[in-house]
Structure formats: structure tokens, C-alpha cells
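Colleague: I've got the model open and I'd like to go through some of the labels on it. Can you tell me where they come from?

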Amino acid sequence: MDGVHDMGGMDGFGKVEPEPNEPVFHAPWEGRVLAMQSAMRYAGAW
Amino acid sequence: MAHDHDHEHGSQLSETQLRVRALETVLTEKGYIDPTALDAIIEAYETKIGPHNGARVVAKAWSDPAFKRALLADASKAVSALGHESRVGDHLVAVENTPDLHNMVVCTLCSCYPWEMLGLPPVWYKSAPYRSRAVKDPRGVLADFGVKLPEDTRIRVWDSTAETRFIVLPMRPAGTGGWSEERLATLVTRDSMIGTGLPNKPEEVA
């Protein structure tokens, strides 16, 4: 599968940078969006 | 004056924060969501859904040969017997590390990841450097994590999809004979179950 989403084998993105003690959410809005997405899915709204 | 000053500071929300707040308000007013239910979902991701679930599975596989066989034969079934619900349509595959073979998991297309075992994927897992290099240069990627494997250890990289997720069963560290499952679980790191790390050594958690 070739396409913009298939990054396997592409060059030039540099090193992987692991983040020690990474939080589950980096900002409160990330959690709100994830939860809204889950809730909408449970509700069958999309 | 003081009021105006406070008001200015109170409105210093970023465009993303404003947009998310507006979306939540609209969805609540339309009756699709309940903000307190969102709080509960967020709390679940922060406390219940995380790599401690995968660590318990790995520790059990290290301790219980029958469970290990069941896990390697059909991981979805084996973990559901422990009470872990897989997301609909997910098929979980456990891949075993040995002295000769090291397994590593990537999603070159996006961010597919065994949420029920490991929680939300870390940012690096979704990043372009990891996704582009994991298959082509796994040893280079491992070096970014400070991991160096023996030269004669083969590396197998598994590319996840929306249907199939992988969890690495790392090798049980030496010097852990007689340890309980609970104690063994403290050695199992998230990255060791993705294959970008190794379990902690007993002396590291003592």
C-alpha cells in the first residue's frame, strides 16, 4: 500500500524521541476529545 | 479595573481549547453526551486502562506454562478469560521473545496498538521517525531507546492493523526464581511489551 499514511521505509524523519514518564494526556482537552469520541461511538451517533 | 484585568486573563484559552469546549457544549445541549460520563471515561484511561494490564498478563505467562501456551495460541481468548474485554473486531496476537529472536511492534500506517493491554499509545509510537524506521532499521531504532541486542539475535517486526494488534512476551529476567506474579509484574515495562525495551532487572526494582 503506497500512500501518505504508509510511512514504512521512508527516510529523513530523524531519531525516535521517547518521552520519560509520559503523561496519558499532555493537555486536559486531549482527554475531553477522546472521551467525546468514545461517548459518541457508544451512543451510536456516528 | 481589576475585573477587566481578570477577564482578559480568563479568556486566554487557545483556539484548540475553545474549539473543544464549544464542541462539548454543543454535544451536551443536543443530548448526545453527559460531561460527567466524559469525566469517568478520562479517569478510566488515567487509572484503569494502562500497561499494568499487559504486565499482569506477561507475569502470568512467566509463571503459568498452561496460560503461556494459551496466550501464544490465541491471545484474545486467553486475556478475555482474565476479564479483559477486547475492542470489537480486535484480534490480539502475543509474540514471544527468545535468546535467538526479538520481536518489535509498529503501526506504519497510523497508531494501531493494543489499548486494553497497554493503554493509549505513547507519542513516539505515533511519530514519523518510529513508523518510518522500525521496519527498515530496527537496530537503529532500538539504539534510540538505549537498547543493544546481541548481533546474532534476529529481529522480527510486526506491523499492526485495525484488526490485529500485537503484544510482545519478553524473556523472564534471570534471578527471579520463586517470584510471585505480582512481583514479576513490577519488572514488566510498557516498552518491553512493544519490543522497544527490555524488562527491568531484579536489582533495578529492589
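**Labels and the values behind them**

Modeller: Let's begin with chain A: of its 46 residues, 13% count as buried. Bear in mind that this is a predicted model. The secondary structure of chain A comes to 1 helix and 0 strands.

Colleague: What makes B:L38 buried or exposed?

Modeller: The cut-off for buried is 20 or more other C-beta atoms within 10 Å. B:L38 has 21 C-beta neighbours inside 10 Å, so B:L38 counts as buried. You'll find B:L38 in helix 3 (residues 35-48) of chain B.

Colleague: Which residues is B:L38 in contact with, leaving aside its neighbours within four places in sequence?

Modeller: Those are A:R32, A:A35, A:M36, A:A39 and B:I33. By contrast, B:G197 is 33 Å from B:L38 in space, C-alpha to C-alpha, and 159 residues from it in sequence.

Colleague: And why is A:W29 called partly exposed?

Modeller: Partly exposed is what lies between the two cut-offs, 12 or fewer for exposed and 20 or more for buried. A:W29 has 19 C-beta neighbours inside 10 Å, so A:W29 counts as partly exposed. A:W29 sits in helix 1 of chain A, and apart from neighbours within four places in sequence, A:W29 is in contact with B:T16, B:Q17 and B:V20.

Colleague: How many residues does each chain put into the contact?

Modeller: Chain A gives 27 residues and chain B gives 34 residues. Sorted by class, the side of chain A that touches chain B has 15 nonpolar, 6 polar and 6 charged residues.

Colleague: Why does A:N21 count as exposed?

Modeller: The limit for exposed is 12 or fewer. A:N21 has 4 C-beta neighbours inside 10 Å, so A:N21 counts as exposed. A:N21 also has a positive phi of about 50°, although it is not a glycine. Look for A:N21 in the segment before helix 1 (28-42) of chain A.

Colleague: What makes B:R139 partly exposed?

Modeller: Again the window between 12 and 20 decides. B:R139 has 14 other C-beta atoms within 10 Å, so B:R139 is partly exposed. B:R139 lies in helix 10 (residues 138-144) of chain B.

Colleague: Why are helix 4 and helix 5 of chain B called oblique to each other?

Modeller: Helix 4 (residues 51-63) and helix 5 (residues 65-73) of chain B pack at about 125°, with their axes 6 Å apart. Roughly perpendicular runs from 65 to 115 degrees and roughly antiparallel starts over 145. An angle of about 125° fits neither, so helix 4 and helix 5 of chain B are oblique to each other. Helix 4 of chain B brings B:V57, B:K60 and B:A61 to the contact, and helix 5 of chain B brings B:F67, B:K68 and B:L71. By class, that contact has 4 nonpolar, no polar and 2 charged residues.

Colleague: How do you know that helix 4 of chain B has a span close to the one expected?

Modeller: Helix 4 of chain B has 13 residues, and at 1.5 Å a residue 18 Å is expected. From first C-alpha to last, helix 4 of chain B reaches 18 Å, close to that figure. The buried residues of helix 4 of chain B include B:V57, B:A61 and B:W62. Among the elements that the buried residues of helix 4 pack against are helix 5, helix 6 (75-80) and strand 4 (164-169) of chain B.

Key
Residues numbered from 1 in each chain as written. Chains lettered and ligands numbered in written order. Predicted model: local features only at pLDDT ≥ 70, side-chain atom pairs only at ≥ 80, totals over all residues. Contact = placed C-beta atoms within 7 Å. Nonpolar A, V, L, I, M, F, W, Y, C, P; charged D, E, K, R; others polar. Axes fitted to C-alpha atoms, helices over the stretch in contact; angles between N-to-C directions. Helix = DSSP H or I, 4+ residues; strand = E, 2+ residues; numbered from the N terminus. Parallel < 35°, antiparallel > 145°, perpendicular 65-115°, else oblique. Expected span 1.5 Å × (residues − 1).
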